[in-house]
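The following exercises are to be worked through with the sequence and the structure in view. Each task is followed by a solution in steps.

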Amino acid sequence: MDEQLTPAADMAAHRRPAFPGESVDYAKARQDLLAAEIEFRRHMTRLTAQRQALPPGPLIEKDYRFKDEQGFEIGLIDLFGDKDVLVSYYWMYGRNVNGPARCVPTGSGRSTAMPAISSSASPTRY
Amino acid sequence: MSRSPVERQFAFAQERGWRNTDFIQTIGDDYARDLDLLQPDGEYPALIVYRRDGDQVRLFWMSEMGREMADPGQDPRDAPDIAALWSILDLTPQGRPADWYPKLRY
């Protein structure tokens with residue numbers, strides 16, 4: 001795929017600064033950074049393709065049980081609702097957790113992304 | 001999902017204004033234990049994507065960047081990181097503070 005892509009440095013050369021008054025040093029360093037950012041984006045795209053190309057993962061054989069917000073006991077399959085994909089996040093809001101929370105920002109991001117994910121082509125449930 | 005009571009998780013989500021996310025509580029510790037999330041130094045998170053396969057469930061992908069794969073001076077983290085907070089902090093001159101974590105309440 002990469003062969004057909006315009007080199008990142010060539011793309012970055014089209015950079016147009018929004019504000020006047022850039023030093024030469026800033027302009028040079030920012031253009032180099034822009035090229036690196038484009039390469040980073042491309043790397044993420046390749047990662048996504050590589051992930052999507054994974055062979056089928058293992059079947060979950062164990063019957064894990066959960067309690068939902070209504071208090072009902074359910075299994076993993078029930079968490080899908082009418083969707084085919086389930087994005088799950090196990091977090092540590094445990095009985096003794098009162099301090100700093102490393103896992104919470106992840107939960108926060110999911111909350112805002114969810115409506116868009118539901119309406120995307122991907123039949124995914126969070 | 002969490003070992004924490006589902007009511008407690010939901011109350012926290014309400015407090016934070018989180019919407020559109022379902023919460024569940026694991027019954028027993030099999031799930032956390034099988035995933036190796038209960039460690040002497042604390043509990044660890046797990047980001048897992050499952051897919052339906054008929055009436056069964058299949059793993060699609062899960063984060064496997066374990067704590068032993070963290071680089072020196074860094075907390076374990078995924079790439080890409082799905083938590084926008086850290087990506088936003090990375091855009092600032094000081095980056096993400098080395099010893100800073102968000103609080104549970106503000």
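**Exercise 1: The fold of chain A**

Task: Determine what share of the contacts in chain A between residues at least 6 apart in sequence join residues at least 24 apart, and describe the secondary structure of chain A.

Solution. Step 1. The model is a predicted one. Among contacts in chain A whose residues are at least 6 apart in sequence, 42% join residues at least 24 apart.

Step 2. Chain A has 3 helices and 4 strands. Read from the N terminus, its elements follow the order α-α-β-β-β-α-β.

Step 3. Chain A has 126 residues, of which 13% count as buried.

**Exercise 2: Confidence in chain A**

Task: Establish which element of chain A has the lowest mean pLDDT and which the highest.

Solution. Step 1. For chain A the mean pLDDT is 85, and 71% of its residues reach 70 or more.

Step 2. Among the elements of chain A, the lowest mean pLDDT, 60, belongs to helix 3 (residues 104-119), and the highest, 98, to helix 2 (residues 24-52).

Step 3. Where pLDDT is low, the predicted coordinates should not be read in detail.

**Exercise 3: The contact between the chains**

Task: State how many residues of chain B are in contact with chain A, and which element of chain B supplies the largest share of that side.

Solution. Step 1. The contact involves 52 residues of chain B and 48 residues of chain A.

Step 2. Several elements of chain B each supply at least two residues of the side that touches chain A, among them helix 1 (6-16), strand 4 (46-53) and strand 5 (56-62). The largest share, 8 residues, comes from strand 4 of chain B.

Step 3. Sorted by class, this side of chain B has 29 nonpolar, 8 polar and 15 charged residues.

**Exercise 4: Strand 4 of chain B and its partners**

Task: Identify the strands that pair with strand 4 of chain B, and find the residues that stand opposite B:V49.

Solution. Step 1. Strand 3 (residues 85-90) of chain A pairs with strand 4 of chain B in the antiparallel sense, over 6 bridges. In this pairing A:Y89 stands opposite B:L47, and A:V87 stands opposite B:V49.

Step 2. Strand 4 of chain B also pairs with strand 5 of chain B, in the antiparallel sense and over 6 bridges. Here the bridge partner of B:V49 is B:W61. B:V49 thus has A:V87 opposite it in chain A and B:W61 as its bridge partner in strand 5 of chain B.

Step 3. Strands 4 and 5 of chain B form a hairpin with 2 residues between them. In the turn, B:G54 has a positive phi of about 65 degrees.

**Exercise 5: The two sides of helix 1 of chain B**

Task: Explain why the buried residues of helix 1 of chain B are placed on the same side of the helix.

Solution. Step 1. The buried residues of this helix are B:V6, B:Q9, B:F12 and B:A13. They lie on the same side of helix 1 of chain B because they cover an arc of only 125 degrees around the axis.

Step 2. An α-helix has 3.6 residues a turn, so residues three or four places apart point the same way.

Step 3. The buried residues of helix 1 of chain B pack against strand 1 (65-67) of chain A together with strand 1 of chain B. The face turned away from the buried side carries the exposed residues B:A11, B:Q14 and B:E15.

Step 4. Just after helix 1 of chain B, B:G17 takes a positive phi of about 80 degrees.

**Exercise 6: B:D34**

Task: Decide whether B:D34 counts as buried or exposed.

Solution. Step 1. B:D34 is located in helix 2 of chain B.

Step 2. A residue is exposed if 12 or fewer other C-beta atoms lie within 10 Å of its own. B:D34 has 11 C-beta neighbours inside 10 Å and therefore counts as exposed.

Technical notes:
Residues numbered from 1 in each chain as written. Chains lettered and ligands numbered in written order. Predicted model: local features only at pLDDT ≥ 70, side-chain atom pairs only at ≥ 80, totals over all residues. Contact = placed C-beta atoms within 7 Å. Nonpolar A, V, L, I, M, F, W, Y, C, P; charged D, E, K, R; others polar. Pairing = 2+ DSSP bridges. Buried ≥ 20, exposed ≤ 12 C-beta atoms within 10 Å, placed from the backbone. pLDDT = per-residue confidence, 0-100. Arc of directions from axis to C-beta.
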